[in-house]
Amino acid sequence: MQVSHSVRAVSASFDDPNLVSAAGLVPILKLAEKAGLHQLADQWLSVPTDKGANAGLKVASLVGGMVAGADSIDDMAVLRHGGMRKVFSSCYAPSTLGSFLRKFSFGHVRQLDAVASRFLQGLAIQAPLLVKETDAAGYVFLDIDDTIIEVHGHQKQGSGYGYSGVRGINAFLATVKTDASAPIIVGQRLRRGACGSPRGAARMVRDALATIKRLNGMASARVLLRADSAFYGYATMSAAITAGAAVSVTARMDPAVKRAIAAIPDNAWEAIEYTNAIYDEATKSWISTAEVAEIPFTAFTSWKKSEHITGRLVVRRIPELNEKDLEHPTLFDTHRFHAFFTTSDLPTVAADKTHRAHAVIELVNADLKNSALAHLPSGKFTANAAWLVLAVMAFNLTRAAATIAGAGLAKATTATIRRKLVTVPARIASSARRIMLHLPQYWPWETAWTTLFCHSTERPRPAPS
């Protein structure tokens, strides 16, 4: 492909009032409406003054702008070009949406959390976001983790230097997935940058588990909480167990854990599929330098007896490749160990593989930072907290739209979904009081887009109140 040889054949003029650059917003925002976004925002949000008027329309505008690729307040101007006013009403100016966000208090952010939770329930009715395994032992995986969103300057309320060593604000997320489904976000909090990772984790776990149980088809699901060592604490783990979930949490290498690892018999270690592993067909086993074993373990024995948590310590070991200090040998002189505590009933090898899959939440963090969370647009902390909730709603809406569209998009990244389904140019034509969208001929994902469009124009299904 190359540009036409004749320079005179190419010219440009921004003068067509009947073009839109993101025709995918038509079925996607219709899907949001069917899932109850407008009604939920109007019902739950009580942002004061005239800035908080028409909350449902303003929330839908912000979510729609994020779906189209906006990562700042100014980017919301993407909703006000060409023929957008012909297919959408109430296309608010970026300044109006910014004023709306700056009126949020902490209580209003919590109200928006309630909207996001119920909106997700509505999306789960419209699309099969979570597909349970046919195996009765299959788990639904709840993953929690936090990430630092880098900011610059001292004007951002709540910014500080946390564990990453950069100035930022801490975003805490809870995602849920199955082996057959991509992650969706069921909980979110924005915290000051210097906040410790486990702060508020117990509350997050309780809220996330309650949300999962309310999702379509998940009332009887078996949930497994997965987390890294930052969340290896009694409050977080007991909150999950009390709510009926199993846990799989990386253990800190404290003396009790080291003693348990030292007590594992040499014949208990089993080779696993790991980096550079080779499967031997003759012996039907893996030839690998990585091995796993388990041992019964009781966590938090320094607490009172009623607060002890009994489970298993699953340990993975790989050869230590670093040079040894032969003059001052360490306890683990031949291997490096990675241990996690679990109360699940999964076999040892399956438990280790399942726990390692917790890393999928890092893909969600990266996805958000590559879209709406590329920036935190306001200097006011509560406005940024509301922005995070809206970004999560946009993420879940995009995932629901991709699941409906099919064509292998259910597990695609937001950028891929946006490129194939959202940012599709279209020309608007009107006839007999009807609007017709003329989209590009031979669009590679025409079938997927049409499937989504047909679903959005079906008779709406009931949304949660």
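This dialogue reads a cavity, a helix and several strands in a predicted model.

Visitor: How many cavities of 30 Å³ or more does the structure hold?

Guide: The structure holds one such cavity. The volume of the largest cavity is about 70 Å³.

Visitor: Which residues line the largest cavity, and which helices supply at least two residues each?

Guide: A lining residue has an atom within 4 Å of a cavity point. Here the lining is made up of M66, V67, L368, S371, A372, A391, A394, F395, T398, T414 and R418. At least two residues come from each of α3 (55–67), α12 (381–405) and α13 (414–422). Helix α12 provides the largest share, four residues.

Visitor: How many of the lining residues are nonpolar, polar and charged?

Guide: The lining of the largest cavity has seven nonpolar residues, three polar and one charged.

Visitor: What should one keep in mind when reading a helix, and which residues of α8 are buried?

Guide: An α-helix has 3.6 residues a turn, so residues three or four places apart point the same way. Burial here means under 20% relative accessible area. In α8, residues 234–242, the buried residues are Y234, T236, M237, S238, A239 and A240.

Visitor: Against which elements do the buried residues of α8 pack, and what follows the helix?

Guide: The packing partners of these buried residues are β2 (140–150), α7 (201–214), β6 (223–227), β7 (246–250), β12 (309–319) and β13 (335–342). G244 follows α8 and has a positive phi, near 95°.

Visitor: One of those partners is β12. Is β12 mostly covered or mostly uncovered, and in which sense does β12 pair with β13?

Guide: Strands of a sheet pair through backbone hydrogen bonds, either parallel or antiparallel. Strand β12 is mostly covered, with nine of its 11 residues buried. Its pairing with β13 is antiparallel and runs over eight bridges; there P319 lies opposite H335 in β13. Strand β12 also pairs with β11 (residues 291–299), in the antiparallel sense over nine bridges, and F297 is opposite G311 in β12.

Visitor: In what order do the strands of the open three-stranded sheet stand, and why is one side of β1 and of β15 left without a neighbour?

Guide: The order is β1-β14-β15, with antiparallel pairing. Strands β1 (19–20) and β15 (434–438) are at the edges and have a single partner strand each, so one side of each lacks a neighbour in the sheet.

Visitor: Over how many bridges do β14 and β15 pair, and which residue stands opposite R427?

Guide: Strand β14, residues 426–431, pairs with β15 over five bridges in the antiparallel sense. Opposite R427 stands H438 in β15.

How values were computed:
Residues are numbered from 1 along each chain as its sequence is written. This is a predicted model: local features need pLDDT of at least 70, side-chain atom pairs count only at pLDDT 80 or more; totals for chains, interfaces and linings use all residues. Side-chain values use heavy atoms; hydrogens and water are left out. On a 1 Å grid over the protein atoms alone, a cavity is a set of points where a 1.4 Å probe fits but cannot get out, and a pocket is an open set with protein on both sides within 12 Å along at least five of seven lines; lining residues have an atom within 4 Å of a point. Grid points are joined across faces, edges and corners, and a volume is the space filled by probe spheres set on the points. Ala, Val, Leu, Ile, Met, Phe, Trp, Tyr, Cys and Pro count as nonpolar, Asp, Glu, Lys and Arg as charged, and the others, Gly among them, as polar. Buried means under 20% relative accessible area, exposed over 50%, partly exposed in between (1.4 Å probe, protein chains only). Contact means heavy atoms within 4.5 Å. Two strands pair if DSSP finds at least two bridges between them.
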